[in-house]
Amino acid sequence: NQDIQVALYKNKEIPSIDRQKVKNPIWNSYRTSDGRWMQLAMMQSERYWPDFCKAIGHPELQNDTRFDSDEKRQQNNEVLISIISEVFTGKSLREWIDILDSHGLVSSMAQTVSEITNDPQAAANDFFVKLDHPNAGEIRLVASPVKFSETEASVKGPAPEVGQHSEEILLEAGYTWDEITRLKDEGAIN
């Protein structure tokens, strides 16, 4: 969202930043003990810093003179990111999500594709649709991301098989049945 807003306002993209150098260490991604990644999204560093320090089990960081203000956390970001990275390797993703949620902190797991396709919220938002495919049976597809209030954007059916509509299209284009038969015999169409 922030990236898009900057692109709209400044007509340029925000350059990618190495996660080890992010200015706000509590708006960053961290690897957990089970090799998974989580995203912290606390833009208001001053607001969240005390509760974050308690949640991660290091309340002493709150008053550490290197990190006791937003400005100092930005100046000492690489040291702080290293400390937080080490802390996050101590627990699994699920453990960290539960801990941070219980403290009212803003975070999320970085989901795998399989997790996304089985996410209850994605299902509730109709991100996927089921379709009866003539060869594959029931399949799930990504739904249209566009939602209209009066005109439904929906999946009408499966993609056509190769050559499925060749005859119809050629007839509409003015070909005769004899010409279509010849094209089939020559292998030019299916």
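In which helix is Leu 100 found? The legends below describe close-up views of a predicted model, and the answer comes with the first of them.

**View 1. Leu 100 of helix H5 and the residues in contact with it.** Leu 100 is found in helix H5, a helix that spans residues 93-102. At 0% relative accessibility, Leu 100 counts as buried, because buried residues are those under 20% relative accessible area. Once neighbours within four places in sequence are left aside, Leu 100 is in contact with Met 38, Leu 40, Phe 52, Ala 55, Phe 88, Leu 105 and Ser 107. Of these contacts, Phe 52 stands 48 residues from Leu 100 along the chain, and the C-alpha atoms of Leu 100 and Phe 52 are separated by 7.7 Å. Met 38 and Leu 40, which are also in contact with Leu 100, make up the covered face of strand E2.

**View 2. The open sheet of strands E1, E2 and E3.** The three strands are arranged in the order E1-E2-E3, and their pairing is antiparallel. E1 and E3 stand at the edges and have a single partner strand each, so one side of each is left without a neighbour in the sheet. Direction ignored, neighbouring strands of this sheet are turned by 25° against each other on average. Strand E1, residues 29-31, is joined to E2 by three bridges, and E2 pairs with strand E3, residues 107-109, over three bridges as well. Gln 39 serves as a point of reference across the sheet, since Ser 29 stands opposite Gln 39 on the E1 side, while in E3 the bridge partner of Gln 39 is Ser 108.

**View 3. The E1-E2 hairpin, the two faces of E2 and the helix lying across the sheet strands.** E1 and E2 form a hairpin with five residues between them, and in the turn Gly 35 has a positive phi of about 80°. Strand E2, residues 37-40, has a covered face made up of Met 38 and Leu 40 and an uncovered one made up of Trp 37 and Gln 39. Helix H5 lies across E2 and E3, and runs at about 160° to E3.

**View 4. Asn 28 and Pro 25 in the loop between helix H1 and strand E1.** Asn 28 is found in the loop that leads from helix H1, residues 2-10, to E1, and Pro 25 lies in the loop between H1 and E1 too. Asn 28 counts as buried at 4% relative accessibility, and Pro 25 is buried with a relative accessible area of 2%. Leaving aside neighbours within four places in sequence, Asn 28 is in contact with Arg 19, Val 22, Met 38, Gln 39, Leu 40 and Ile 81. Pro 25, with residues up to four places away in sequence not counted, touches Tyr 30, Leu 40, Arg 73, Asn 77, Leu 80, Ile 81 and Ile 84. Leu 40 and Ile 81 are thus among the contacts of Asn 28 and among those of Pro 25. Pro 25 and Gly 90 are 65 residues apart in sequence, and their C-alpha atoms are 18 Å apart in space.

**View 5. Ser 92 in the loop between helices H4 and H5.** Ser 92 lies in the loop that joins helix H4, residues 77-88, to H5. With a relative accessible area of 17%, Ser 92 is buried. Apart from neighbours within four places in sequence, Ser 92 is in contact with Thr 32, Ser 33 and Asp 34.

**View 6. Asp 126 and the E4-E5 hairpin.** Asp 126 is found in the loop between helix H7, residues 120-124, and strand E4, residues 128-133. Phi of Asp 126 is near 55°, a positive value in a residue other than glycine, and Asp 126 is partly exposed, with a relative accessible area of 48%. Strand E4 and strand E5, residues 137-142, run antiparallel and are joined by six bridges. These two strands form a hairpin with three residues between them, and Val 129 stands opposite Leu 141 in E5.

**View 7. The second largest pocket and its lining.** This pocket has a volume of about 150 Å³. Its lining consists of Val 129, Ala 143, Ser 144, Val 146, Lys 147, Phe 148, Thr 151, Glu 152, Ala 153, Ser 154 and Val 155, and these residues divide into six nonpolar, three polar and two charged. Val 129, one of the lining residues, is also the residue that stands opposite Leu 141 in E5.

Terms used. Residues are numbered from 1 along each chain as its sequence is written. This is a predicted model: local features need pLDDT of at least 70, side-chain atom pairs count only at pLDDT 80 or more; totals for chains, interfaces and linings use all residues. Side-chain values use heavy atoms; hydrogens and water are left out. On a 1 Å grid over the protein atoms alone, a cavity is a set of points where a 1.4 Å probe fits but cannot get out, and a pocket is an open set with protein on both sides within 12 Å along at least five of seven lines; lining residues have an atom within 4 Å of a point. Grid points are joined across faces, edges and corners, and a volume is the space filled by probe spheres set on the points. Ala, Val, Leu, Ile, Met, Phe, Trp, Tyr, Cys and Pro count as nonpolar, Asp, Glu, Lys and Arg as charged, and the others, Gly among them, as polar. Buried means under 20% relative accessible area, exposed over 50%, partly exposed in between (1.4 Å probe, protein chains only). Helices (H or I, at least four residues) and strands (E, at least two) are DSSP runs, numbered from the N terminus. Two strands pair if DSSP finds at least two bridges between them. Axes are lines fitted to C-alpha atoms, for helices over the stretch in contact, and angles run from 0 to 180 degrees between N-to-C directions. Contact means heavy atoms within 4.5 Å.
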